Amino acid sequence: MNVLYKLKETGRRALAPLIYRYPPVGLGPDRLYFYLHCLKLTRDVPGAVVEVGCSLGGTTVVANGFLKHTRCEKEYVCIDTFDGFVAAHFEADEGRGTPSSIRHSFSGNSKALVEQILRQHRIEGVKLIQGDITKLSDAALPSQCALVLADVDLVEPTRAILDRFWPRLASGGMMIVDDCHEQSLWKARIAYEQFCRDNAIQPRFQYNMGVLQAPARPS
């Protein structure tokens, strides 16, 4: 984190009780609804709920509140760099048309700031893992998942999520990929469609999110 974004992060932490009085949710209302709906659909599926690309943790706050009020106990894991995009990943997508002006959209963050926001909203038990999803060890990832939200915007990390978590989904488990609108500035849809093509899966889109559901696994 460079000096400018470190100052930004420090300011956010100091003002967190005021500026994060309400959860800083990055998903639009329709996509947030769909994510919560998928939490309901996978209620009885064994395994963890995983967000890859949790930003400031606003969606995490709302989702954990939903799980609590619906009396659904799930391990909840968030994976993020907590420091914006990996430079090489963003540069690759610049070559696909992603504008350079949004390169630092998620900079000025930190794991400590997300922990502070979760505490502020009385969310306990969420496991935060800091790292690049393309490089994290297999041992760092949950062995079985009920629902995975991929919200990393860029092609290479999105494809890594799909490749790494698809075998970890329990029977009936789901993965949903944000930013799959055809006109989106982000290119996650490219990775989703590539994955579907490579695995002979029919692409399915709901609320501009790519959807995957695991078939029955051998017992």
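## Cysteines without a disulfide

In this predicted model, Cys78 is buried, since its relative accessibility is 1%. Cys78 takes part in no disulfide, and the nearest cysteine sulfur, which belongs to Cys54, lies 4.4 Å away. A disulfide is a covalent bond between the sulfur atoms of two cysteines, and the rule applied here asks for a pair of sulfur atoms within 2.5 Å. By that rule the count of disulfides is zero.

Cys145 is likewise in no disulfide, and its nearest cysteine sulfur, that of Cys78, is 12 Å away. With a relative accessibility of 0%, Cys145 counts as buried.

## The nonpolar cores

The largest nonpolar core holds 28 residues, and those that touch the most other members are Val50, Val52, Ile79, Ile133, Val148 and Phe165. Several elements each supply at least two residues of this core, namely strand 1, strand 2, strand 4 (145-150), helix 6 (155-165), strand 5 (169-177) and helix 7 (188-198). A second core, separate from this one, has 27 residues, including Val49, Val114, Leu118 and Val126.

Val52 shows in detail what surrounds one member of the largest core: once its neighbours within four places in sequence are left aside, Val52 is in contact with Ile79, Ile133, Val148, Leu149, Ala150, Asp151, Val152, Ile161 and Phe165.

## The largest pocket

The largest pocket encloses about 610 Å³ of space. Its lining is made up of 37 residues, of which Gly53, Asp80, Phe106, Asp151 and Asp153 are the closest to the centre of the pocket. The elements that contribute two or more residues to this lining are strand 1 (48-52), helix 3 (58-69) and strand 2 (76-80). Sorted by class, the lining of the largest pocket consists of 15 nonpolar, 13 polar and nine charged residues.

Helix 3 also contains Thr59, a residue that counts as buried at 6% relative accessibility. Not counting residues up to four places away in sequence, Thr59 touches Val25, Gly26, Leu27, Leu32, Tyr35, Glu51, Tyr76 and Leu149.

## The second largest pocket

The second largest pocket has a volume of about 210 Å³. Among the residues that line it are Asn64, Leu67, Lys68, Arg71, Tyr76, Glu124 and Val126. Helix 3 gives the most to this lining, contributing three residues. By class, the lining of the second largest pocket divides into four nonpolar, two polar and six charged residues.

Glu124, one of the lining residues of the second largest pocket, sits in the loop between helix 5 (111-120) and strand 3 (127-130). With a relative accessible area of 74%, Glu124 is exposed. The C-alpha atoms of Glu124 and Val61 are separated by 9.6 Å, although the two residues are 63 residues apart along the chain.

## Helix 5 and positive phi angles

In helix 5, the buried residues are Leu113, Val114, Gln116, Ile117 and Leu118. An α-helix has 3.6 residues a turn, so residues three or four places apart point the same way. Just after helix 5, Arg122 adopts a positive phi of about 60 degrees.

Most residues other than glycine have a negative phi. Phe82, which is not a glycine, nevertheless has a positive phi of about 55 degrees. This residue belongs to the loop between strand 2 and helix 4 (87-94), and Phe82 is buried, with a relative accessibility of 1%. Ala200 is another residue other than glycine with a positive phi, in this case near 55 degrees. Ala200 is located in the loop between helix 7 and strand 6 (205-206), where, at 77% relative accessibility, Ala200 counts as exposed.

## A residue of helix 7

Gln194 is found in helix 7, an element that also supplies at least two residues of the largest nonpolar core. The relative accessible area of Gln194 is 27%, which means that Gln194 is partly exposed. Apart from neighbours within four places in sequence, Gln194 is in contact with Val155 and Arg159. Along the chain, Gln194 and Val155 are 39 residues apart, and their C-alpha atoms are separated by 9.7 Å.

Conventions. Residues are numbered from 1 along each chain as its sequence is written. This is a predicted model: local features need pLDDT of at least 70, side-chain atom pairs count only at pLDDT 80 or more; totals for chains, interfaces and linings use all residues. Side-chain values use heavy atoms; hydrogens and water are left out. On a 1 Å grid over the protein atoms alone, a cavity is a set of points where a 1.4 Å probe fits but cannot get out, and a pocket is an open set with protein on both sides within 12 Å along at least five of seven lines; lining residues have an atom within 4 Å of a point. Grid points are joined across faces, edges and corners, and a volume is the space filled by probe spheres set on the points. Helices (H or I, at least four residues) and strands (E, at least two) are DSSP runs, numbered from the N terminus. Ala, Val, Leu, Ile, Met, Phe, Trp, Tyr, Cys and Pro count as nonpolar, Asp, Glu, Lys and Arg as charged, and the others, Gly among them, as polar. A nonpolar core is a set of buried Ala, Val, Leu, Ile, Met, Phe, Trp, Tyr and Cys residues joined through side-chain atoms within 4.5 Å. Buried means under 20% relative accessible area, exposed over 50%, partly exposed in between (1.4 Å probe, protein chains only). Contact means heavy atoms within 4.5 Å.
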